[in-house]
Amino acid sequence: MSTFVRNAWYVAAWSHEVGRQLLARTILGDPVLLYRREDGQPAALVDRCPHKLAPLSLGELKGDHVQCGYHGMTFDCTGSCVRVPGQQNIPPTARVRAYPLHERYNAVWIWMGDPALADPAAIVEVPRYGEPGWGLVDGQYLHFRSNYLNITDNLVDPAHTTYVHKKTIGNAAGEDVGVTVEQGDAHVLAYRWIRNAPPVPLVARMGNFRGVTDRWQYYYLHLPSTSYVDFGSIDAGTEPSEANKDSGFRSFSFNFLTPETESTTHYFWLHLRNYHPGDPKVSADVASLMALTFQEDADLLAFVQREQERTGVREYTRLAIDNAPARIRRMVERLQAAEATPPGPDSRA
Amino acid sequence: MSTFVRNAWYVAAWSHEVGRQLLARTILGDPVLLYRREDGQPAALVDRCPHKLAPLSLGELKGDHVQCGYHGMTFDCTGSCVRVPGQQNIPPTARVRAYPLHERYNAVWIWMGDPALADPAAIVEVPRYGEPGWGLVDGQYLHFRSNYLNITDNLVDPAHTTYVHKKTIGNAAGEDVGVTVEQGDAHVLAYRWIRNAPPVPLVARMGNFRGVTDRWQYYYLHLPSTSYVDFGSIDAGTEPSEANKDSGFRSFSFNFLTPETESTTHYFWLHLRNYHPGDPKVSADVASLMALTFQEDADLLAFVQREQERTGVREYTRLAIDNAPARIRRMVERLQAAEATPPGPDSRA
Amino acid sequence: MSTFVRNAWYVAAWSHEVGRQLLARTILGDPVLLYRREDGQPAALVDRCPHKLAPLSLGELKGDHVQCGYHGMTFDCTGSCVRVPGQQNIPPTARVRAYPLHERYNAVWIWMGDPALADPAAIVEVPRYGEPGWGLVDGQYLHFRSNYLNITDNLVDPAHTTYVHKKTIGNAAGEDVGVTVEQGDAHVLAYRWIRNAPPVPLVARMGNFRGVTDRWQYYYLHLPSTSYVDFGSIDAGTEPSEANKDSGFRSFSFNFLTPETESTTHYFWLHLRNYHPGDPKVSADVASLMALTFQEDADLLAFVQREQERTGVREYTRLAIDNAPARIRRMVERLQAAEATPPGPDSRA
């Protein structure tokens, strides 16, 4: 049973990865070929020649066209075959699927579902992106040996940071602090405040708090798999207004999950911060600490995935903290069911 | 179809392996977590948190309790959950299986079946263990890529030593010497005497025979998979009394087979000898020669296992030497059938 | 579904590989053991003792007999068991299959099917073999991670050389030159002439053409999987008689495909040329360039095989160049069907 939602925008690659060479990447189980046209626009085709199924990525880019490296069949960036060497007629079956793309936030976003529904306005908003006073780390990538929904579980679950990420973004102060969950049409938010707490290691290292802090964790998960985490710390007792948060120690962490297969996931991430925004050494430090943090998730979830596959069981017991993850899974199931249902007469109105 | 017998004692680990760190080992297909309590007693739980199936072995030992590294669920050494961080009530499903253990012969023995039947008195007796005049090599381990019953086949089959172990414990003198088989309630014995024979390489190296010898091989297999081999050599023509054997060149070799999966086996072994009992160089030499011997079995049986799995066939022809192995397999099948049968009213009396 | 044809000669090994050591090789899915008898004749048995399925290749050669390394069962080169150590009677099931062999062209050919049909006269003829004026490179081997029929597709398809082998035996001049196909009882020929064309890289490097050439490619595929390619170049406009071809730049390339499994293939090849026939440096150069060429096929087909297995699809669209490959596949299917049909009363007449 697939767990994939096809009608959604996913990060296919960072912009710098897509150029005049042919890039192969598996997305939602499909082999995808990415390249850039001569006018600089990105293009994506299924990476599989319809003739013998050779990967087109082993071929060559000829202008805006892709020539298969096996028999020279050539496709334009809409997937139409424009040439079959040695024969005049082009068989009607000689075409490959093209995927809608949109470039934003230094990333190439891909739409794996019905092209008619591909509206770039649906790409998630990244607040503060490009604003002065905010430092950016982007272009980051990890490979997870886990189904993406095990990762979204974590990304609406602040509680796991206490145990999994005690080296960076968690500490014992959060152990017994419950989480509040809110649900929107297309997202779930799980959040909590941990008050009068010592700063977590990352904040202790980079911030300059002298006493205890009030720490917030707001975990948004936009369906199906875009995570946005607003977290930070202010001096304990400070009024938690947006302005005070912005003058405290604050980060916006975005994790763009792109399912590769049912058991593996591409994990693209970027990070915005309001401290030392222009300092490249701090940027490098943040990149390294967050990569360590996400790798801790990756390592743990690889074991979880393997045991779930071996037993055919996902969980034996359910806890209070599963409220938000369970909502996400139900919402994803509804999206999948809707994709499997023939659309009504006005469904694309 | 499982070939496992669950109501039996198996070596889970050597005593020195089990301490205040968390040790993960797969036994009879179950992921098992081993550790030592603060009072020094060993404990074993299934190595799988009931929440999301994360391995508990990735967590931490807190006193006698194990805290999961994912969300901090904490279990005592009976498998009861004693804490779920962030919530007061503990769900009734929040528990893990605990396995009875018993420590003997520097090994931690585990009972994978019905705990009510776990009687330490059923652990095999090792003769001469700890007696003066007997040198001990223990703490030895090999990993076999073979179902354990292919290994028990060898361990009631003296004949294979002639061909597989000609570097150490076999030689051509045994080629045509038949085997006598005796069967008990819970063991099979296959034995033979090879008379007027030159000593095998191991004996030639360590003993001081000047002429031909009478060599004995007594292969006991205690169900389901504990092997005890009494082998040795005396000057040809000596009366084979116990006293004469003890003053000859004699070894007791114990092999404790613990199925890991249907196609792999943990092979723990210890070895008692009556020659140079206190000489550490001889101990090291024996350890090395016996490890070589058992590795020869491991290498051969990995090929056998692979071909049996590929073809779905275990044997095409049966020989006289298969008498004892076939008995073991039938007895194991009866044990399995008994485990699958609901016990009668007095079955635990 | 097997794609194998069993009633055919396949190269099992190069002659120099078969000696007085035991050589194991999987052929048509069977484990095969190859060795040479004391009189120098090669012998082949199934590499699997009927007792416990141990590979006989782990045993020892005793004269012309093979002794299993597990319990010493001994087989002659017809597969009859001649000894079971420790017992007098030899069970009727104690025998292994022997395969007919024939040695020719420095290769040991094996017949995997009905021995009664094994006629060495059916081995393909290699023209010019051993004749003066022809240089030979033989003893060459590559391992393909591909079903053999994906390889035979290439070997009746001159068109792929333009795209896959542009470093050696293809260039753009062939892009739009069609292929003529002829079919015999047991072979297919696909050929074309590329006229007034610059020489391909291999010819440019080794030949001494000053202008454009007429280039021929004659691709014969003898059922089920012996490929014979006659290719060469003459000055453009030369009459294409056999004599003129022989005084031009000509090669006969033989590729002997032996299926290993359904997804892997042994690729034995030899190469005859009429240029610098006695020059070992040219031989080494040819060996290296042709190995590069075939490795290009191997690399591409490994991807094709993997995607075909993943999707369960072999092709989505069919092109004109598939005429000859499709004929081969149909002819192979007929051979397979014939093997599955009980022979009529005179079928071996």
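Which residue in S3(A) is the bridge partner of Ala24(A)? I looked this up first, and the partner is Leu33(A).

**Entry: what kind of model this is**

I note that this is a predicted model, in which local features need pLDDT of at least 70, side-chain atom pairs count only at pLDDT 80 or more, and totals for chains, interfaces and linings use all residues. Residues are numbered from 1 along each chain as its sequence is written, while chains are lettered from A and ligands numbered from 1 in the order in which they are written.

I checked the confidence of chain A, given as pLDDT (the predictor's confidence in each residue, from 0 to 100). Its mean is 95, and 98% of the residues of chain A reach 70 or more. For the model I wrote down an ipTM of 0.93 and a pTM of 0.94. I also keep a general caution: where pLDDT is low, the predicted coordinates should not be read in detail.

**Entry: the sheet around Ala24(A)**

I went back to the strands (DSSP runs of E, at least two residues, numbered from the N terminus). Strands count as paired if DSSP finds at least two bridges between them. S2(A) and strand S3 (residues 30-36) of chain A run antiparallel and are joined by five bridges.

I then followed the sheet outward. It is an open sheet of three strands in chain A, ordered S2-S3-S4 and paired antiparallel. S2 and strand S4 (42-46) of chain A are at the edges with a single partner strand each, so one side of each has no neighbour in the sheet. From one strand to the next, the twist averages 30° (axes are lines fitted to C-alpha atoms, and angles run from 0 to 180 degrees between N-to-C directions).

**Entry: the domains of chain A**

I found chain A divided into domain 1 (9-120) and domain 2 (130-337); such bounds come from an automatic or database domain assignment. Taken over C-alpha atoms, the centres of the two domains of chain A are separated by 33 Å.

I looked at contacts next (C-beta atoms, placed from the backbone, within 7 Å). Twelve residues of domain 1 of chain A touch nine residues of domain 2 of chain A. On the domain 1 side, strand S1 (9-14) and strand S2 (23-27) of chain A each supply at least two residues. S1(A) gives the largest share of that side, four residues.

**Entry: a sheet in chain B**

I turned to chain B and found an open sheet of three strands, in the order S1-S10-S9, with antiparallel pairing. Strand S1 (9-14) and strand S9 (101-104) of chain B are its edge strands, each pairing on one side only. S1(B) pairs with strand S10 (residues 107-111) of chain B over five bridges. Within S10(B), I located Val108(B) opposite Ala13(B).

**Entry: how the chains are arranged**

I counted 19 residues from chain B and 22 residues from chain A in the contact.

How is chain B superposed on chain A? A rotation of 120° with 0.0 Å of shift along its axis does this, at RMSD 0.0 Å; the fit is by least squares on the C-alpha atoms of residues with pLDDT of at least 70 in both copies. The two copies are therefore related as by a three-fold rotation axis. In chain B, the C-alpha nearest the axis belongs to Arg310(B), 12 Å from it.

Key. Two residues are in contact if their C-beta atoms, placed from the backbone, lie within 7 Å.
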